[in-house]
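Hi,

Here is the structure I promised to pass on. Have a look at it first, and then read my notes below with the viewer open.

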Amino acid sequence: KESISELKKKIVKDDYDKLYVLNLKKSLDVNYDLLAAIWREYITNKTSARSEMIITLDKLIADMPEKATLQTKKTIFTAAKIGAPNAVKAIDEYIETYDKLMSKLDLKDNVLKFLKLLTSGERVSVMDMDDEVYKWLKTSGFANKILLKIN
């Protein structure tokens, strides 16, 4: 702030100092880069675990409205300027939508473990599925989204 005030005074006095301006620009650039890094870290801390879960559940939630809302909110906060009010609001709404989705899905630990295994790209056996997982798949409506095949 002081540097900008000093620069304004110099401009008013018509005492333009190119070196001063270049140093000020360099200082602003360094601070902007630091602020941008802090902003990215803030977004990551608030959303990364949730985003990873959404990736895990991607095919299962493909036709759910919450998925579209989550994508829209993520687009807003990743494209917004540092600390923009609409970005902060989008992050909060992303978290709220995620929490509602998880509550709606009612994922128990063993169901979640099975779904992560299923979406990992690894081979999954019927033996990896317990009764509770099978029941959840049937009652949640996701059973028709899983295809079994014999190797």
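Let's start with helix 6, which covers residues 131–140 of this predicted model. Three of its residues, Val-133, Trp-136 and Leu-137, are buried. If you look down the axis of helix 6, these buried residues fall within an arc of 100°, so they line one face of the helix. Here is the textbook idea to keep in mind: an α-helix has 3.6 residues a turn, so residues three or four places apart point the same way. Now turn to the face of helix 6 that points away from the buried side: there you'll find Asp-131, Lys-135, Lys-138 and Thr-139, which are exposed.

What covers the buried residues of helix 6? Helix 4 (85–105) and helix 5 (109–119) are among the parts that do. Helix 5 is worth a closer look here. Its axis is 9 Å from that of helix 6, and the two pack at an angle of about 80°. That makes helix 5 roughly perpendicular to helix 6. On the helix 5 side, the contact is made by Asn-110, Val-111, Phe-114 and Leu-115, and these meet Glu-132, Val-133, Trp-136 and Leu-137 of helix 6.

Both ends of helix 6 have something to show you as well. At the N-terminal end, Asp-130 acts as a cap, with a side-chain oxygen 3.1 Å from the backbone nitrogen of Glu-132. After the helix comes Gly-141, and its phi is positive, near 90°.

While we're on phi: most residues other than glycine have a negative one. Asp-106 is not a glycine, yet its phi is positive, at about 50°. You'll find Asp-106 in the loop between helix 4 and helix 5. Is Asp-106 buried, exposed or partly exposed? Its relative accessible area is 43%, so Asp-106 counts as partly exposed.

Next, go to the start of the chain. Helix 1 (residues 2–12) and helix 2 (residues 18–56) have axes that come within 11 Å and cross at roughly 155°. The two helices are therefore roughly antiparallel to each other, and their crossing is left-handed. From helix 1, Ser-3, Ile-4, Glu-6, Leu-7 and Lys-10 meet Tyr-20, Val-21 and Leu-24 of helix 2.

Further along helix 2 sits Ser-51. With a relative accessible area of 8%, Ser-51 is buried. Leaving aside neighbours within four places in sequence, Ser-51 is in contact with Lys-74 and Tyr-94.

Tyr-94 turns up again when you look at Lys-73, a residue of helix 3. Not counting residues up to four places away in sequence, Lys-73 touches Ala-90, Glu-93 and Tyr-94. With Glu-93 there is also a polar contact of 2.6 Å between the two side chains. Lys-73 has 18% relative accessibility, and buried means under 20%, so this lysine counts as buried.

Last stop: Thr-78, which is also in helix 3 (residues 65–79). Where does its side chain reach? The side chain of Thr-78 gets to the backbone oxygen of Lys-74, at 2.8 Å. Thr-78 and Ile-43 are 35 residues apart along the chain, but their C-alpha atoms are separated by 8.1 Å.

Cheers

Conventions:
Residues are numbered from 1 along each chain as its sequence is written. This is a predicted model: local features need pLDDT of at least 70, side-chain atom pairs count only at pLDDT 80 or more; totals for chains, interfaces and linings use all residues. Side-chain values use heavy atoms; hydrogens and water are left out. Buried means under 20% relative accessible area, exposed over 50%, partly exposed in between (1.4 Å probe, protein chains only). Helices (H or I, at least four residues) and strands (E, at least two) are DSSP runs, numbered from the N terminus. The arc is that of the directions from the helix axis to the C-beta atoms. Contact means heavy atoms within 4.5 Å. A polar contact is a pair of N or O atoms within 3.5 Å; within protein, one must be able to donate a hydrogen and the other to accept it, and residues adjacent in sequence count only if both atoms are side-chain atoms. Axes are lines fitted to C-alpha atoms, for helices over the stretch in contact, and angles run from 0 to 180 degrees between N-to-C directions. Angles under 35 degrees count as roughly parallel, over 145 as roughly antiparallel, 65 to 115 as roughly perpendicular and the rest as oblique. A crossing is left-handed if the near helix is turned anticlockwise from the far one by less than a right angle, and right-handed if clockwise.
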